[in-house]
Amino acid sequence: MRLLLPFCLAFVLSSAHGAEPLAAVERAIVPVAAWGGTPADATKARRHTITQITLHHQGEPFKPGTDPQAYLRRLQTWSRTSKGWLDIPYHYVIDLDGRMYEARQIDYAGDTNTEYDPSGHALIEVVGNFEEVEPNQAQLDAVVELMALLAAKYKVSLDDIRSHRDHSDKTVCPGANLYRYVKQDYFRHKVALRLAGEQARSR
C-alpha cells in the first residue's frame, strides 16, 4: 500500500495538472452584458472583501430546455422590483450544462431571505431544486472549477467553503441532494486537488 500511494497521488496531480488553467475558467464565465442583464447601481452597493465561498441552489424546478439567459433576466428583474435588492442575490449562477454566468458583481455583497450576513461571501447558485432532484456531473464539475477559481483568486481557505444552510438554520438550501457533497467534503477535496494541479502547472 505504501508503494501505491505515491503513484496514486502523482496520477491525481497529473490529471489535475492536465485540466485547463483557472484563468481559462474565468474567461469562460458568461458576463452580465452577454445574457442581457444590466449593471447594478454602484452607489447603492455594499462593497466587501471575499473571505468565504457559499453554495446555494435555485430552490425551484429547472426543466431541461429552459433558457438560462431568460431565467437570469427574469431573476434580475424580480430581485430588483419585487425584493428591492440591488441585483440578483448571487454572484454566479451555474446552469444544467455546467455553464457559469456572472450575476451580481463580485465586489458587491449579496442578499438573502435568511438571517445570516452574506458580506464577505462569494455566492454561487446552482439551478434546480436539490430537495427533489440530483445535481448532474456537469454541475458538480462546474462548482469545483468555480470554487477553485475563487479560492485561488481571493485566498479563501478550504475550511471556508460551505453552503447556505451552514450559515442559517432557517433554510434547507442548497437542498439535501447537493448538500450531501458539501457535508462529505467532496467539494473541498476536489478543490484542493484542482489547486494543487494549478500550482504544479505554474512551477
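This tour moves through the structure stop by stop, from the whole chain to the sheet, one threonine and then the charged pairs.

The model is a predicted one, in which local features need pLDDT of at least 70 and side-chain atom pairs count only at pLDDT 80 or more, while totals for chains, interfaces and linings use all residues. Residues are numbered from 1 along each chain as its sequence is written, and side-chain values use heavy atoms, with hydrogens and water left out.

**The whole chain**

Begin with the full C-alpha trace, which spans about 60 × 35 × 35 Å along its principal axes. The radius of gyration (taken over C-alpha atoms) is 17 Å, close to the 17 Å that the globule rule (2.2 Å times the number of residues to the power 0.38) gives for 203 residues, so the protein is as compact as a globular protein of that length. Colouring by secondary structure should bring out six helices and five strands, where helices (H or I, at least four residues) and strands (E, at least two) are DSSP runs numbered from the N terminus; their order is α-α-β-α-β-β-β-α-β-α-α. Buried residues (under 20% relative accessible area, against over 50% for exposed and partly exposed in between, with a 1.4 Å probe and protein chains only) make up 46% of the 203 residues.

**The sheet**

Select the five strands next: they form an open sheet in the order β3-β2-β4-β1-β5, with mixed pairing, two strands being paired if DSSP finds at least two bridges between them. β3 and β5 (161–163) stand at the edges with a single partner strand each, so one side of each is left without a neighbour in the sheet. Neighbouring strands are turned by 25 degrees against each other on average, direction ignored. Within the sheet, β1 and β4 pair in the parallel sense over six bridges, and Thr-54 stands opposite Leu-123 in β4. Now add helix α3 (residues 68–81), which packs on the sheet by touching β2 (92–94), β3 and β4, a contact being heavy atoms within 4.5 Å; the direction of α3 makes about 30 degrees with that of β3, where axes are lines fitted to C-alpha atoms, for helices over the stretch in contact, and angles run from 0 to 180 degrees between N-to-C directions.

**Thr-112**

Move to Thr-112, in the loop between β3 and β4, which counts as buried at 18% relative accessibility. Leaving aside residues up to four places away in sequence, Thr-112 touches Trp-85, Pro-118 and His-164.

**The charged pairs**

Finish with the salt bridges (a side-chain nitrogen of Lys or Arg within 4 Å of a carboxyl oxygen of Asp or Glu), of which the structure holds 12. One of them joins Arg-46 to Asp-117, with the closest N and O atoms 3.5 Å apart; Arg-46 lies in the loop between α2 (22–28) and β1 (52–57) and Asp-117 in the loop between β3 (100–102) and β4 (121–126), so the pair ties together parts that are 71 residues apart in sequence. In the bridge between Arg-99 and Asp-95 (2.8 Å, N to O), Arg-99 is partly exposed at 37% relative accessibility, whereas Asp-95 is buried at 2%. Glu-134 and Arg-180 also meet in a salt bridge (2.8 Å, N to O), and this pair links distant parts of the chain, with Glu-134 in the loop between β4 and α4 (137–154) and Arg-180 in helix α5 (residues 176–183), 46 residues apart. As a last selection, take Glu-145, Arg-194, Glu-198 and Arg-201, which salt bridges with shared partners join into one network.
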